[in-house]
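Dear colleague,

Please find below the structure I wished to hand over to you. My findings follow directly after it.

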Amino acid sequence: MKKLVSSLVMATLLFSGISVVAAADTGADATVTHSKAEKKEENRVKLNEKAAKWGVETTDKTNKEVKAAIQEAKAAKKAENAEKKAAKEAAKEAKKQEQLAKLNGKAVKLGVNTAGKTAKEVKAAIKEAKVAKKAANAEKKAAKEAKKQEQLTNLKEKAAKWGVETAGKSAKEIKAEIVAKKAEKKENKK
């Protein structure tokens with residue numbers, strides 16, 4: 001009987017140990033499953049946040065579909081940014097060409113050769129040409145003034161010869177008086 005009782009106790013212990021182990025295994029599986037579900041839910045929340053950031057609709061879509069839609073949105077944004085950048089560069093280049101055309105127009109008026117020159121070089125050449133033109137204009141003006149003074153001196157000499165007073169009178173007034181004196185003298189000879 002001792003053998004029978006011992007066998008029964010052993011069998012009870014054996015079966016109870018198995019059930020405890022089996023119960024522990026089921027609990028571990030539940031925890032692992034629970035962790036996987038939590039992880040999946042966390043990933044879905046993160047994915048939804050990312051989708052909202054990129055303006056992607058997540059309703060009735062799988063994670064893979066949402067990820068693909070986000071990638072498409074990123075690619076579209078990248079293409080849009082590249083397009084904007086290209087448009088800005090084109091506008092910038094067009095503005096440069098417009099400025100260069102204006103500079104070339106000014107350069108042609110001033111007689112500056114612009115072949116193979118950059119915008120900066122053309123600006124510098126135009127500036128030099130303007131300085132040279134101002135100097136030439138100043139020289140012309142000075143020459144014109146000198147000629148005018150010479151003519152006035154000659155006129156005053158004529159006026160002295162004809163007895164015309166020149167103080168405070170313009171060149172036209174002096175000429176008119178000289179012409180009048182000549183006409184008077186001519187009439188007196190007749």
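**Lys-161 and the positive patch**

Lys-161 is exposed, because its relative accessible area is 71% and the cut-off for exposed is over 50%. Please note that this value, like the others in this message, comes from a predicted model.

Lys-161 lies in helix α3. On the surface, Lys-161 belongs to a patch of positive charge, where it gathers with Lys-158, Lys-172, Lys-175, Lys-182, Lys-185 and Lys-189. Two helices, α3 (residues 119-162) and α4 (residues 171-189), each supply at least two residues of this patch. The most is given by α4, with five residues.

**The protein as a whole**

As regards secondary structure, the protein contains four helices and zero strands. Along the sequence, the pattern therefore reads α-α-α-α, helices being DSSP runs numbered from the N terminus.

Of the 190 residues in the protein, 12% are buried. The area that the protein exposes is about 16000 Å², and 58% of this area is supplied by carbon and sulfur atoms.

With regard to contacts, I considered those in the protein with a separation of 6 or more. Residues 24 or more positions apart account for 2% of these contacts.

Should you wish to begin with one part of the model, I would suggest the positive patch, to which α3 and α4 each supply at least two residues.

With kind regards

How values were computed. Residues numbered from 1 in each chain as written. Predicted model: local features only at pLDDT ≥ 70, side-chain atom pairs only at ≥ 80, totals over all residues. Heavy atoms only, no water. Buried < 20%, exposed > 50% of the residue type's maximum accessible area, 1.4 Å probe, protein only. Contact = heavy atoms within 4.5 Å. Areas by Shrake-Rupley, 256 points an atom, 1.4 Å probe, with all protein chains shown as cover. Patch = residues over 30% accessible without salt bridge, like charges linked within 9 Å, V, L, I, M, F, W, Y side chains within 5 Å. Salt bridge = Lys/Arg side-chain N within 4 Å of Asp/Glu carboxyl O. Lys, Arg positive; Asp, Glu negative; His and termini not counted. Charge placed at Lys NZ, Arg CZ, Asp CG, Glu CD.
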